[in-house]
Amino acid sequence: MKRVIINGANGYVASHFILELLERNYEIIALIRKNGGCSPEERMNKTLAEITGGHYRPSKNLKIYAYSLMEEDCAISPEHLKEIFSMPADYFHFAASLKYDAKSKEEIFRTNITGVENSIRMFSRHTLPGSRFFMVSTAYSCGRYNGLFKEVFYDNNEDIAGFRNYYEQSKRFAENVLRKHINENHLPGHAIRLSQVVGDSRTGVTKTDYGIFDFARRVHSLSHRHPNRTIRIKIDPEATQNLIAINTVVNHLVCMAETPELPVIVNMVSKKPVRSGYIIESLNRLLPIRLVPDNTIETADMDVYERIMSIGMSFTGAYAQNNLEFDTTNLDSISKISNMDEEAVFRMLEYFIRSLSKHKTLAPAVG
Ligand SMILES: NC(=O)c1ccc[n+]([C@@H]2O[C@H](COP(=O)([O-])OP(=O)(O)OC[C@H]3O[C@@H](n4cnc5c(N)ncnc54)[C@H](OP(=O)(O)O)[C@@H]3O)[C@@H](O)[C@H]2O)c1
């Protein structure tokens, strides 16, 4: 039985990956921090129950350990380290802060850079030959780079002006920590650069509220508090969003775990980016609102509702003007599956909005 070690295991992408690996009879070691009074076991089982609609039953192939990313050997006891690293394994580092704002800079850098360094050190100290280290990064470590973003390392030579936010910058810096360990210490390391991970392209089931779904949640809230308004938003309708379905990501990750010889960097992105205009049209169909993309609108010309939307778009707005291009030569050499199209995005938005309406979870920040 092949072993896969995963930190940040209760997160959105990692938990879907774990479910698939369990289906395929892998042995999983899940590292989860204690948080909010629940044990790591409770947290993992709760997440797996949530994403399977309550169908998950605890498996003997899933072993769960508490860890602390910032401490030496992740504060895992010597006995547990022995168990975790008792055979060669693929180690996936998923843990990250997905915050992006300037006031969280310290937390973002600590988690995403120091956390990766600590994780690599623990792996290098305890792992057996034949193991591999995978750092989950982001395609947006490209920052404001113009042109085709290749599957190679880029230098740390840009200050924050070269990025949309500190999250992007932290991931670029973390990739360079990985590069240093590969070059200087022969770390068998790989970087996986995800674009925006969305719901399941087959069913539309969407259990994330990140990126375009955060935007959809805000639009949902505004349209229910103030129905039938026309709202101009500063978006280029011809710009595209690179959305990759969670089932596609899981497929690609499984292919990586099953491929012996791998490239160092993989841009795990969609080959078919979706037009922002299509996302806007979909929300207009699904909600009592008329959103009008207007790339020229300035804050001074906005009415109060348009300003509320604009403030809520501080993250998504930074991605509303792009047509980013990613090289996928390495990805294509591992896996060719691609499931994203406009209908799939519509199904996801429909599912997401239906679940918002069901739970009446209106975003407090809007309206
Ligand atoms: N989702 C996307 O669209 C996307 C796009 C590009 C790249 N990525 C990358 O993919 C990875 C997984 O993302 P995701 O969307 O699945 O994120 P997520 O659901 O927010 O999960 C993040 C995980 O990291 C853990 N974590 C955060 N801070 C930590 C800390 N200080 N110490 C230990 N663990 C910590 C979280 O644990 P707690 O639950 O205890 O907080 C959680 O398990 C991340 O590296 C992310 O940067 C994601």
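What kind of unit do E4, helix H4 and E5 make? Select the three together in this predicted model: they form a right-handed β-α-β unit. The tour starts with its second strand.

**Strand E5**

Select residues 132-138, which are strand E5. Six of its seven residues are buried, so the strand is largely enclosed by the rest of the structure.

Now add its two partners. Strand E4, residues 89-93, runs parallel to E5 and is joined to it by four bridges. To find the register, show His93 and Met135: His93 stands opposite Met135 in E5. Strand E7, residues 189-194, also runs parallel to E5, with six bridges joining the two. Here the pair to show is Phe134 and His190, with Phe134 standing opposite His190 in E7.

**Helix H4**

Go next to residues 105-126, the helix of the β-α-β unit. Does the helix have the span its length calls for, or not? At 1.5 Å a residue, the 22 residues of H4 should span 32 Å, and the end C-alpha atoms are 31 Å apart, which agrees. Centre the view on Gly115 to see a kink of about 30° in H4. Gly115 is also one of the buried residues of the helix. Colour the others to see where they fall: Ile108, Thr111, Asn112, Val116, Asn118, Ser119, Ile120, Met122 and Phe123 are buried as well.

**The ligand**

Select the ligand and the 22 residues around it. Those that come nearest are Gly8, Gly11, Tyr12, Leu69 and Ala96. The elements giving two or more residues to this shell are helix H1 (12-23), E5 and strand E8 (196-197). H1 supplies the largest share, three residues. Colour the shell by residue class: twelve of its residues are nonpolar, nine polar and one charged.

**Two loop residues with positive phi**

From H1, follow the chain into the loop that leads to strand E2 (27-32), where Asn25 is placed. The phi of Asn25 is near 70°, a positive value in a residue other than glycine. Is Asn25 buried or exposed? It has 10 C-beta neighbours inside 10 Å and therefore counts as exposed.

The last stop is Asp73, in the loop between strand E3 (62-66) and helix H3 (78-84). Asp73 is likewise a residue other than glycine with a positive phi, near 50°. With 16 C-beta neighbours inside 10 Å, Asp73 counts as partly exposed.

Key
Residues are numbered from 1 along each chain as its sequence is written. This is a predicted model: local features need pLDDT of at least 70, side-chain atom pairs count only at pLDDT 80 or more; totals for chains, interfaces and linings use all residues. A residue is buried if 20 or more other C-beta atoms lie within 10 Å of its own, exposed if 12 or fewer, and partly exposed in between; C-beta atoms are placed from the backbone. Two strands pair if DSSP finds at least two bridges between them. A crossover is right-handed if, with the strands pointing away from the viewer, the path from the first strand over the helix to the second runs clockwise. A residue is near a molecule or strand if its C-beta atom, placed from the backbone, lies within 6 Å of it. Ala, Val, Leu, Ile, Met, Phe, Trp, Tyr, Cys and Pro count as nonpolar, Asp, Glu, Lys and Arg as charged, and the others, Gly among them, as polar. The expected span of a helix is 1.5 Å times one less than its number of residues. The bend at a residue is the angle between axes fitted to the seven residues ending there and the seven starting there.
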